[in-house]
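Student: I have a structure open and would like to learn how to read it. Could we go through a few features together?

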Amino acid sequence: VFSTHVMEQAEKLCETITLINQGNIVVEGDLQSLKTRFGKNAVKIEFSGDGSFLNSMSSVRKALVYENSAELELEPKTPMRDVLRAVSDRLDVRSFQVQEPSLNSIFLEVVGKEYDPGQNGGAR
């Protein structure tokens with residue numbers, strides 16, 4: 001048994017997770033299953049070129065576009081190969097990586113508010 005408020009520690013050290021908020025179990029299970037369950041169908045792309053069009057792609061629900069990279073949350077069931085093809089037609093893609101949700105982002109989604117380690121939240 002390992003108890004911490006530092007989600008990154010729990011994510012690195014634990015295979016099975018129990019998330020607690022205000023003394024109540026809010027989610028528990030195998031870490032990889034939880035990441036799959038709460039995944040947002042997201043990718044991180046590193047590229048050269050003008051990525052401003054990424055915000056307007058029909059398969060993109062939300063985009064954070066930076067100078068040479070972007071984080072894209074895709075519409076459900078969007079095939080990654082279609083996104084890669086569309087992006088590589090217009091940009092020089094250096095990296096295309098499927099993103100799993102962090103344990104902290106899962107916690108935030110479940111409790112629906114900002115995580116404050118002093119508020120009885122945590123991972124065990």
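Tutor: Sure! Keep in mind that this model is predicted. Let's begin with how a helix starts: Asp30 caps the N-terminal end of α2, with a side-chain oxygen 3.2 Å from the backbone nitrogen of Gln32.

Student: Okay, and which residues of helix α2 are buried?

Tutor: First the general idea: an α-helix has 3.6 residues a turn, so residues three or four places apart point the same way. Now the case here: α2 spans residues 31-38, and Leu31, Leu34, Lys35 and Phe38 are buried. Looking down the axis of α2, you'd find these buried residues within an arc of 100 degrees, so they line one face of the helix.

Student: What does the face turned away from the buried side carry?

Tutor: That face of α2 carries the exposed residues Thr36 and Arg37.

Student: And what covers the buried residues of α2?

Tutor: The cover includes α1 (7-13), β1 (16-21), β2 (24-30) and α4 (103-111).

Student: Let's do strands. How many bridges join β3 to β6?

Tutor: There are 7 bridges, and the two strands run antiparallel. One spot to look at is Lys44, which stands opposite Gln97 in β6. Strand β3 (residues 42-48) also pairs with β5 (residues 69-74), again in the antiparallel sense, over 5 bridges. There, Ile45 has Ala70 of β5 as its bridge partner.

Student: One last residue: is Glu67 buried or exposed?

Tutor: Glu67 is exposed, with a relative accessible area of 68%; the cut-off for exposed is over 50%. You'll find Glu67 in the loop between β4 (60-65) and β5. Leaving aside residues up to four places away in sequence, Glu67 touches Phe47 and Gly49.

Note on methods:
Residues numbered from 1 in each chain as written. Predicted model: local features only at pLDDT ≥ 70, side-chain atom pairs only at ≥ 80, totals over all residues. Heavy atoms only, no water. Buried < 20%, exposed > 50% of the residue type's maximum accessible area, 1.4 Å probe, protein only. Helix = DSSP H or I, 4+ residues; strand = E, 2+ residues; numbered from the N terminus. Arc of directions from axis to C-beta. Contact = heavy atoms within 4.5 Å. Polar contact = N/O pair within 3.5 Å; in protein donor to acceptor, adjacent residues only side chain to side chain. Pairing = 2+ DSSP bridges.
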